Structures are given as structure tokens and as C-alpha cells.
Amino acid sequence: MLINKNLSTPLYIQLYNNIKDMIEKKEIKEGEKLPSIRNLAKKLEVNNITIVNAYKLLEQEGYIYSVKGSGTYVRSPNYNLNVSYMEDENMELMTGGILPISKDSINLATVSPTPEMFPIAQFKQSLIEVLDRDKGNAFLYPEITGYEPFKESICNFLSKNYNINVPKDQILVISGGQQGIDIITKALISPGDTVLVENPTYSGAIAAFQSRGAKIIGIPMKKDGMDLEILNRYIQRYSPKFIYMMTNYQSPTTYSYSEDKKRELINLSKKYNIYIIEDDFLTDLNYDENIKLPLKSIDHTDNVIYIKSFSKIFMPGIRMGFMTVPEKLFKDIIKAKHTTDVSSSGFLQRAFDLFLRKGYWKKHIDTVKKVYKNKYNTMIQELDKLKKYDISFVKPNGGLSIWVKLPENIDCVELYNECKENNVAIVPGKIFFINDSIYSNYIRLSFGAVSNEEIVEGIRIIEKNIKKLYKSEDNKYLPFV
């Protein structure tokens, strides 16, 4: 099983193709056990997530199956796959950004922007200036922690925009938010450790925690943040390694924490000496006058590890972000960063440094906020028309998605399948939940990658399928319209 880290093809896809070929050529036979995730990752010198994603894709396509507590095995080529199981796996892969969506679909599933939103001219200017100024030095390895001037710009950015004041020595430049989560997981988690998370939450974080053998406990989300009574009780019961959360426009619920809950979270972290991982990629996208600040802005005990990704509202292919690291954790986290990719692209760091210094970021945010606010208003207007079907949602006044609660007699997975057949991509809410202990019948609709016309058409198709499900023979409850 060979993989080439110099290729542009993702490592998990290379591994998936290699194993798939070996199974089809019967070099690995039916019933044969595959290496464990940890052993194969160590042998190939890759991250555990690479193996997890490759195995997921193989399992989704019916090449392998897993037995809890035993391992992963090659499946019989004549095995009849359960269709609903396939759909569940497809949905999980889609949420993690793995499953491709048909180019003909109205894409209400992704929070990534369309290329038309990218600030190409300004970033091109930054790239050219860096090449003219630094020449070959632009392509040298930067320090593991990041390019020093860029870290200075980040400190200024944090102070000016979020009222966060940290020394540049606590800044670690990372290749996107997911890498930040992975690095923290590597540095802090041992098999059997407990992590507390919002329920529902971002599935990519869950995959990272699971890859290190963590026990994951979900805390129910209210409209103003986690249920702090349950959180307090679980901290005492489980002594978790850390709490993972998103303060503003949480994914997938789009809820934002109240100021009271932010203060109480800081008090809990201080009382129990527990770290909070704050994952932030949407704070900038507010559509009203209510400017929100991260939890880190009131952290005076250095217990909040703040992860900021620029990718989602800049250009997804520019994997760029940073994290603030408590001094006592810095050595371990630097080691984890070094074993992941040595350091993030020095060239891109230099270019993004100029992008920040010249004020291009502020102009870009102002521009995209106008566009997204218009799309947001269109989606809210169209969704209001569906309230007659007993759906409900909270208006977040920010972010890139709407979290829609469905009535019990319309299953989110069934609606997902119907919409998929009609070329509309949505995300069924059940895949974001840790367990089924709380109501999970939601869909997430995102507007970052679609036009206003596509939003209108997409919601029209969703309504058509809701009507269809309401009229099914097994449904005793019909809307009075």
C-alpha cells in the first residue's frame, strides 16, 4: 500500500484506490482482516484520519465492513448492500466534504463560497508583491509556528476585530481549522480520555476525536448555547480532557452563545481547570448591528484554545488559519504540528500577511457580507412559506446556514433522499448528533454556494417533496392549507 505525498491527489483517495485495486485483483481475499487504523497510519507515516476516511469510503462502496471490537474485513463481492445504509454513509461523507455533489444539483449542502466570491485581484497583487520582494526566500520553510510578520499581523487582527490580546509567541499558524483540531487531538488525547462536545456538532471534529480513541459525550444545545446545568454535571462526572465548541453561528444549529453563558463557561473552565477549544470560522458574518465576539475575548486564565480558519469565507483552497496556544501546552502542540506537515506554506503566509496589512481582508468581508445578507434574506423569505407544514427555525442573523426543524412525520433522511433524486443537495440533521437521546429530525440548508434564483428553486423543490411525504399512505396527518 504505497502513497505519494507529493501528488495533488488526497492521501485518503490514494489509499482507497490502492486497497480497492488489491481487493478487485484478489490480492486481499474475502474475509481477510485489514490492518488497524493506528498500525496502518504508523506504517504509512500518515494521520489516523487518512486511514479513517479511506476505510469509510471503502465501506460505503461495499468493499469492506467493520466489526466493533474486532476489526475491519474484506467483504464478499456478492454482498447485497442495504440501500438505507449506503445513504447514511453517503451523508456522513458529504458532511465531511468527501462525497462529490453532482454539478447539476442545487447545492444547499455546502457552506463554501462560489469562486465568483474570491478576492482574486487583491490576492494576486499580494502574491506578486511577495515574489518581487522576497524572491526565492518566499519558498523557504518558515518557522514551525509560522512566519513572524504574519503572526504579528494576526495579533493586530485579533486585537482590532475581536478584542483578543495574545502575544505572538502564543500564535501557531495552521493549514485550516481541521488541522488545528487534529493537532490538539494528537497533543492532548489518549485512548479512553473523555471529550465534551455540543450536541449536535461538526462531524469532522468527532472523527478526529474518535481516531485517537476518545470517549465523546454530547451536551444538548439550547438557542443560547449549551445546557450549562448538564455541562456542569458532566464535567464533574467525566473529568474531560477538554470541551469543544463553536461560540458564534454554531455548526450546524447556527445558534450563538449569550454573553451570560460565555461568562459562565469561563468560570467553569477556571473552576475545574479545563481547556475549552473554541472553533471559529463564521464570527465575521453578522447581518445585523449585533457584533459578536469570541469566547476568547473574555478568557483571562488562558484556558481557551482559539482556532480561527480563514478558508470558508476567503478561498477554501487556501488552507490558512491559526490557533492561540496556552504557554504550558505549546511544546506538545508544536511537536504535533511538526509531525503533521512540518510547517504551513511560507509563501501563502507571506501573501496573506500582506493581504491583512493592506486592509484587503476588511474590504473582502464587507463585500461578502452584503452578498450573503441578500442570500440569507431570500432563504428566510422562502422558508417562511413552509411554516404551514409545521417546520420551524431560528433566524440566526448571521452565518451561512439555516437549521430547520421538521415535524416528526417527515423524516429528514427520507426528505434528503427525495431531494437528492430531484437534484437538490441538503444535509440531514441526524448525522450531526452524537446519539439519539434528543430530537434530531432537522435539515441544514446553506446558501454560500448558490444564487438567489437557486435558493428560490431549491426551496420550491423541497416544498414539493414535503408535500409528497405528507401525502404518503402511512401518514394520517395532512396539513390544512
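Visitor: Which helix comes before glycine 359, and what is the phi of this residue?
Guide: Glycine 359 follows H12, and its phi is positive, near 80°. The model is predicted: local features need pLDDT of at least 70 and side-chain atom pairs count only at pLDDT 80 or more, whereas totals for chains, interfaces and linings use all residues. Residues are numbered from 1 along each chain as its sequence is written, and side-chain values use heavy atoms, with hydrogens and water left out.

Visitor: What makes the span of helix H12 agree with its number of residues?
Guide: Helices are DSSP runs of H or I with at least four residues, strands are runs of E with at least two, and both are numbered from the N terminus. H12 has 12 residues, 346-357. The expected span is 1.5 Å times one less than the number of residues. For H12 that gives 16 Å, and the end C-alpha atoms are 16 Å apart, so the two values agree.

Visitor: Why is H12 called mostly covered?
Guide: Buried means under 20% relative accessible area, exposed means over 50%, and partly exposed lies in between (1.4 Å probe, protein chains only). In H12, 11 of the 12 residues are buried. Among them are Phe347, Leu348, Phe352 and Phe355, but also Gln349, Arg350 and Asp353. The buried residues pack against helix H5 (120-134), helix H6 (148-162), strand E4 (171-174) and H13.

Visitor: What makes isoleucine 391 a buried residue?
Guide: Its relative accessible area is 6%, and the limit for buried is under 20%, so isoleucine 391 qualifies. Isoleucine 391 is found in the loop between H13 and E12. Contact means heavy atoms within 4.5 Å. Setting aside neighbours within four places in sequence, isoleucine 391 is in contact with Leu383, Leu386, Val404, Lys405, Leu406 and Pro407.

Visitor: What makes a set of residues a nonpolar core, and how many residues has the largest nonpolar core here?
Guide: The set must consist of buried Ala, Val, Leu, Ile, Met, Phe, Trp, Tyr and Cys residues, joined through side-chain atoms within 4.5 Å. The largest such core has 104 residues, and those touching the most other members are Leu158, Phe209, Phe242, Trp361, Ile426, Leu445 and Ile462. Helix H13 (residues 360-384) gives the largest share of this core, 9 residues. Apart from it lies another core, of 28 residues, including Ala109 and Leu295.

Visitor: Which residues are in contact with leucine 445, leaving aside its neighbours within four places in sequence?
Guide: Its contacts include Met379 and Leu383, and also Ile426, Ile459 and Ile462.

Visitor: Why are E8 and strand E9 said to pair?
Guide: Two strands pair if DSSP finds at least two bridges between them. E8 and E9 (residues 275-280) have 4 bridges, in the parallel sense, so the definition is met. Tyrosine 244 stands opposite isoleucine 277 in E9.

Visitor: What makes the crossover from E8 to E9 right-handed or left-handed?
Guide: With the strands pointing away from the viewer, a path that runs clockwise from the first strand over the helix to the second is right-handed. Here the chain passes from E8 through helix H10 (residues 259-272) to E9, and this β-α-β crossover is right-handed. E8 also pairs with strand E5 (residues 194-199), parallel, over 3 bridges. Both faces of E8 (residues 242-245) are covered, with Phe242 and Tyr244 buried on one side and Ile243 and Met245 on the other.

Visitor: Why are strand E12 and strand E15 called edge strands?
Guide: The open sheet has 4 strands in the order E12-E13-E16-E15, with antiparallel pairing. E12 (392-393) and E15 (427-428) each pair on one side only. E12 is joined to strand E13 (residues 401-405) by 2 bridges, and serine 392 stands opposite lysine 405.

Visitor: Why is the chain described as compact as a globular protein of its length?
Guide: The globule rule is 2.2 Å times the number of residues to the power 0.38, and the radius of gyration is taken over C-alpha atoms. For 481 residues the rule gives 23 Å and the chain has 23 Å, so the description holds. The chain has 15 helices and 16 strands, and 56% of its residues are buried.
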